[in-house]
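Please work through the following exercises with the sequence and the coordinates open beside you. Each one sets a task and then solves it step by step.

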Protein chains: 2
Amino acid sequence: MAPDLSEGAAWMKGKVIPISEATLGVTDWALTHSDVAYDVVPVVQGAFFRRDAYLDRFMASMAATRMDVGLTRGDIARALHDMVAASGLRDAYCAMVAARGTPLIPGSRDPRDCGNHFYAWAVPYIHVITPDRVEAGASVWVAQHSRRIPADSVNPRAKNYHWGDFTQGLFEAKDNGFETVVLLDHAGNLTEGPGFNIFLVEGNTVFTPDTGVLEGISRRTALEICAEMGLRTRVEPVPLSRLDTADEVFLTSSGGGILPVTKVGERIYGNGTPGPVAMAARKTYWQWVTQPAYRTEIAYPG
Amino acid sequence: MAPDLSEGAAWMKGKVIPISEATLGVTDWALTHSDVAYDVVPVVQGAFFRRDAYLDRFMASMAATRMDVGLTRGDIARALHDMVAASGLRDAYCAMVAARGTPLIPGSRDPRDCGNHFYAWAVPYIHVITPDRVEAGASVWVAQHSRRIPADSVNPRAKNYHWGDFTQGLFEAKDNGFETVVLLDHAGNLTEGPGFNIFLVEGNTVFTPDTGVLEGISRRTALEICAEMGLRTRVEPVPLSRLDTADEVFLTSSGGGILPVTKVGERIYGNGTPGPVAMAARKTYWQWVTQPAYRTEIAYPG
């Protein structure tokens, strides 16, 4: 009998298994040292969206963290495909993970001695902000007590699980009645939030931070869409004070695309209504998702 | 038949199981957000060493990270005891972990919605530096490309698994032929390394960094031993340049006690021989370990 994959599926050691059975040993350095490179590609309407961009970034993250999982890019692409196909999920959050593993030489504390390994998992699509809140316009808290981990401590471009700064910020946000949080860097510039990049619109120009952030694929898509809309795009340091002069704010995430924001701290945008640039870009994003050039179709069984 | 616990044991959901069967789901925020508070108490010659100090710190780390695992301090103490007793290990590395878990409300991204849980595991004693290297005098690399994660990003006093900065530093150290690594903060002061605090001896005074570091129990023991030896102890910012004027350097860790260092980068101490303060303090450390006042004896079966 085929296993029940309705809650999600995982790919481990060449096998597709139910997500509930996908586990990691408690001594794996992936956990005890948060020593992981990972990525997440969205599955939308039965296809991976911009799969190659996500795979490129995952391969780069593995190289940056010196992970060797013994699989080619093609092997990984096949694993993701076979897992999602078997799951039957047509809209999914599909994670690929390179884990440091444990030392192959007992007692070693040398990360070069570890047996790195790959696994993947897919669950029904995750929204970083629930769709009803997005349509109404989301609220974002600026963390007061937690600064983004600097790039010279942990490289944010190698996608990783170091979320302690985000988690403390999320507690602050939720305690204050906000949906999510954005963190400042140590120079007082905006960086990013848990699972998203941030954009500010001022007149005919959109701004998004250049450094200290993940180079999001959804961020890239949003920059391309904004350019196509005839807006000027500026990727540069964005000081906190720019929030005071911005007309609109939106977030980008593979967990929801382009997400309009109507409130950042005490600042209200568009009288509390999602802005025209964000709403137009959001609409275009969901059109792009259906374009064959960006889609890698999944061959579901049956 | 009793399970084989010779490789180590774990305590999960009230049961003692072999370490090889102790696993965590791949979607647990403990892993995906490195959202964990933990601690490690050493078991030496059949007893926990300074157990109450470790339990105090673990309880404080859980409070700081807002973990509620539904167990009292006494429950946790009992779990650790029963696990180590069942394992038969007389010298062990005994970890206790509070994990964020997963949201009890499906789709929630709110850390307050997660079902926190506790587990523990014990394996044969781990040395942060192998004993033969310690007796010869260990070598420490000062990381060039990786700064310690600042305290206002992730609080180092709440013991956590955010080791990305250490891991990158360890790669540097190992590539350069050193045993381990120490990281600087963003002001250029010494902080700590993967699993240890650092001490410098200059004349009659020992220095150890005050902020941006874990307040190690072994660090506390070393400060107490140094005071007893008639040395002046100064807990304050320690600039990198103090390495140039220091007579001796040593590390402290529950994975080895007091560890003499003979080389830091290109600097050689004591003509490459462990220094007298470090060796005397090391000897005293292993005497203290046998003192009943510091020991919580384990009642092994049979």
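**Exercise 1.** Locate B:Leu190 in chain B, decide whether B:Leu190 is buried or exposed, and list the residues with which B:Leu190 is in contact.

Solution. Start with the secondary structure, in which helices (H or I, at least four residues) and strands (E, at least two) are DSSP runs numbered from the N terminus; B:Leu190 falls in the loop between strand E9 (180-182) and strand E10 (192-193) of chain B. Next take the accessibility, where buried means under 20% relative accessible area, exposed over 50%, and partly exposed in between (1.4 Å probe, protein chains only). Because its relative accessible area is 2%, B:Leu190 is buried. Then collect the contacts, that is, heavy atoms within 4.5 Å: leaving aside neighbours within four places in sequence, B:Leu190 touches B:Val182, B:Leu183, B:Leu184, B:Leu200, B:Pro209, B:Val238, B:Pro239, B:Leu240 and B:Leu243. As a last step, the C-alpha atom of B:Leu190 is separated by 27 Å from that of B:Trp286, the two residues being 96 apart along the chain.

Two conventions apply throughout: residues are numbered from 1 along each chain as its sequence is written, while chains are lettered from A and ligands numbered from 1 in the order in which they are written. This is a predicted model, in which local features need pLDDT of at least 70, side-chain atom pairs count only at pLDDT 80 or more, and totals for chains, interfaces and linings use all residues, with side-chain values based on heavy atoms and with hydrogens and water left out.

**Exercise 2.** Describe the strands that pair with strand E15 (residues 257-264) of chain B, and state how covered E15(B) is.

Solution. Begin with the strand itself: 7 of the 8 residues of E15(B) are buried, which leaves this strand mostly covered. For its partners, two strands pair if DSSP finds at least two bridges between them. Strand E8 (residues 138-142) of chain B runs parallel to E15(B) and is joined to it by 3 bridges, with B:Ala138 having B:Val261 as its bridge partner. Strand E14 (residues 248-253) of chain B is antiparallel to E15(B) over 5 bridges, and here B:Leu251 is matched with B:Leu259. The hairpin of E14(B) and E15(B) has 3 residues between the strands, and B:Gly256 takes a positive phi near 140° there. Strand E16 (residues 267-268) of chain B is also antiparallel to E15(B), through 2 bridges, and B:Lys263 has B:Ile268 as its bridge partner. In that second hairpin, with 2 residues between the strands, B:Gly265 takes a positive phi near 60°.

**Exercise 3.** Which residues that are not glycine have a positive phi of about 50°, one in each chain, and are they buried or exposed?

Solution. In chain A, take A:Asn271, whose phi is about 50° and which lies in the loop between strand E16 (267-268) and helix H8 (276-288); A:Asn271 is exposed because its relative accessible area is 80%. In chain B, take B:Lys13, which also has a phi of about 50° and sits in the loop between strand E1 (9-12) and strand E2 (15-18); at 82% relative accessibility, B:Lys13 is exposed.

**Exercise 4.** Determine how chain A is related to chain B, and quantify the area buried between them.

Solution. Superpose the copies by least squares on the C-alpha atoms of residues with pLDDT of at least 70 in both; a turn of 180° and a shift of 0.0 Å along the axis lay chain A on chain B with an RMSD of 0.0 Å. That is therefore the relation of a two-fold axis. The same surface serves both copies, since 100% of the contact residues of chain A recur in chain B. Counting the contact gives 49 residues from chain A and 49 residues from chain B. For the buried area, meaning the accessible area (1.4 Å probe) that two parts lose on being put together, summed over both, the value is about 4,300 Å², of which carbon and sulfur atoms give 61%. On the chain A side, A:Val26, A:Arg109 and A:Phe171 supply 16% of the area buried against chain B, more than any other three residues.
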